[in-house]
Amino acid sequence: MDLDTSRKIIHVDMDAFYASVAQYDDPFLKGKAIAVGGSGNRGVISAASYEARKFGVRSAMSSVLAKKLCPHLIFVKHHFERYKEVSMQVRKIFIEYTDLVEPLSLDEAYLDVTINKKGNPSATLIAEEIRAKILERTGLTASAGISINKFIAKVASDYNKPNGQKTVSPDEVIEFLENLDIKKFYGVGKVTQKKMYALGIYTGADLKSKTEAFLEEHFGKSGPYYYRIVRGVHHSPVKPTRIRKSVGAERTFSENLASEIYMEERLKELSQELERRLLKGKTAGRTITLKIKYSDFSLQTRSKTLALFISDANLIFEEAKILLYQEKMKNSVRLLGLSFSNLNNVISKKKEESEKKVDVQLAFKF
């Protein structure tokens, strides 16, 4: 299994992005423990400043628990337009160095700088320049990971956070991965981590000692993936255009909903929001999914694939109601969500790629 050392990949990750934007825009918040999200009993933390993280406050944590851990925590509201504005500033900096930029979200992206616009052979120096420009133009800090592929760069970017970077050169890759705690491997979640610990897999070296057959037996289709990445093998290229495969909207309610009639009202609102997002993306979907989170935090999804692509709010609402009444609710509901997958933009992209392949084949024949 060959290690491809020909590429130079950077993963840039903004530090506590939402919280940092809030602190930059309001000097009063600088240096304070803040959390982005609702402060009510049903609130959930979207992001926490590093000052808050020292007390154990984390994203996806309930606001009630966050306040217990950090009584002086300051809550701030989301400002998505502002986040998008800063994100675009950062991406403009990336494009100064390479067109091979793959955004993962508003606050992180992969860059392939193997061949770059500056003619700089050092990916490490490029990462330093990019981070300096981000600080200069936005007032925010970013961390970076630099290595031979996306997987290692992603892991490395978390190594010296905040406001730092880590380069894993080709001759350091194997040792770096072998010494890495398995929970640091990108793609190994908490459930998989516990399973690996139970199997005696605590580090990359432990993972590497297992055969591919063993990993496939215990982790299914993910087994071969774990077998490859611990050996530094990850061939996924940096893709400048990421096709959106789903569009969704969801709401957490201040009070649990016990009646389907009230749920219908919320689904109508979600259908309108979903229509807006589909139209904005100039797309439509065939597979509609209703997400239900009950008061006991158990989760259920109900899906249906339609004969045609739709994006109209009224049609979405009618299909959502069918899913709502598909079976009786087992409890009161705290969250409802609607999403569409099987989008026509994915179909169009596949058709386009297929046509390109045909053109190439014809060119060779001629």
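Contact here means heavy atoms within 4.5 Å. Axes are lines fitted to C-alpha atoms, for helices over the stretch in contact, and angles run from 0 to 180 degrees between N-to-C directions. Helices (H or I, at least four residues) and strands (E, at least two) are DSSP runs, numbered from the N terminus.

The model is predicted: local features need pLDDT of at least 70, side-chain atom pairs count only at pLDDT 80 or more, and totals for chains, interfaces and linings use all residues. Residues are numbered from 1 along each chain as its sequence is written, and side-chain values use heavy atoms, with hydrogens and water left out.

**Exercise 1. Describe the overall build of the protein chain.**

Step 1. Take the secondary structure: the protein chain has 14 helices and twelve strands.

Step 2. Judge the compactness. The radius of gyration is taken over C-alpha atoms, and the globule rule is 2.2 Å times the number of residues to the power 0.38. For 366 residues the rule gives 21 Å; the protein chain has 23 Å, which is close, so it is as compact as a globular protein of that length.

Step 3. Box the C-alpha atoms along the principal axes: they fill roughly 65 × 60 × 45 Å.

**Exercise 2. Work out the four-stranded sheet and the helices on it.**

Step 1. Set the pairing rule: two strands pair if DSSP finds at least two bridges between them.

Step 2. Read the order. The sheet is open, runs β9-β12-β10-β11 and pairs antiparallel.

Step 3. Find the edges. β9 (246-257) and β11 (299-310) each have a single partner strand, so one side of each is left without a neighbour in the sheet. Neighbouring strands are turned by 15° against each other on average, direction ignored.

Step 4. Zoom in on one pair. Eight bridges link β10 (residues 285-294) to β11 in the antiparallel sense. Within β11, Q300 is the residue opposite I292.

Step 5. Add the helices. α12 (residues 260-280) packs on the sheet and touches β9, β10, β11 and β12 (333-343). Its direction makes about 155° with that of β9. α13 (residues 313-324) lies across β10, β11 and β12, at about 140° to β11.

**Exercise 3. Classify the packing of α12 and α13.**

Step 1. Choose the descriptors: two packed helices are described by the angle between their axes and the distance between the axes.

Step 2. Apply them. The axes of α12 and α13 come within 8 Å and cross at roughly 140°.

Step 3. Name the class. Angles under 35 degrees count as roughly parallel, over 145 as roughly antiparallel, 65 to 115 as roughly perpendicular and the rest as oblique. α12 and α13 are therefore oblique to each other.

Step 4. Give the hand. A crossing is left-handed if the near helix is turned anticlockwise from the far one by less than a right angle, and right-handed if clockwise. α12 and α13 cross in the right-handed sense.

Step 5. List the contact. α12 brings residues including M263, L267, L274 and L278. Those from α13 include I316, F317 and L324.

Step 6. Sort by class. Ala, Val, Leu, Ile, Met, Phe, Trp, Tyr, Cys and Pro count as nonpolar, Asp, Glu, Lys and Arg as charged, and the others, Gly among them, as polar. The contact of α12 with α13 divides into nine nonpolar, two polar and five charged residues.

**Exercise 4. Treat α10 and α11 in the same way.**

Step 1. α10 (residues 212-219) and α11 (residues 222-229) pack at about 140°, with their axes 7 Å apart. That makes α10 oblique to α11.

Step 2. The crossing is right-handed.

Step 3. E212, L215, E216 and F219 of α10 meet S222, G223, P224, Y226 and Y227 of α11. The count is five nonpolar, two polar and two charged residues.

**Exercise 5. Place α1 against the three-stranded sheet and α4.**

Step 1. This open sheet has the order β3-β2-β4, with mixed pairing. Its edge strands, β3 (45-48) and β4 (74-76), each pair on one side only.

Step 2. Three bridges join β2 (residues 34-37) to β3, and the two run antiparallel. A48 in β3 faces A35.

Step 3. α1 (residues 17-25) lies across β2, β3 and β4, at about 115° to β2.

Step 4. The axes of α1 and α4 (residues 80-95) come within 11 Å and cross at roughly 95°. That makes α1 roughly perpendicular to α4.

**Exercise 6. Locate two backbone features in loops.**

Step 1. K161 and P162 are joined by a cis peptide bond, with omega about -10°. P162 sits in the loop between α6 (150-157) and β8 (165-167).

Step 2. A60 is not a glycine, yet has a positive phi of about 75°. Its loop lies between α2 (50-53) and α3 (63-69).
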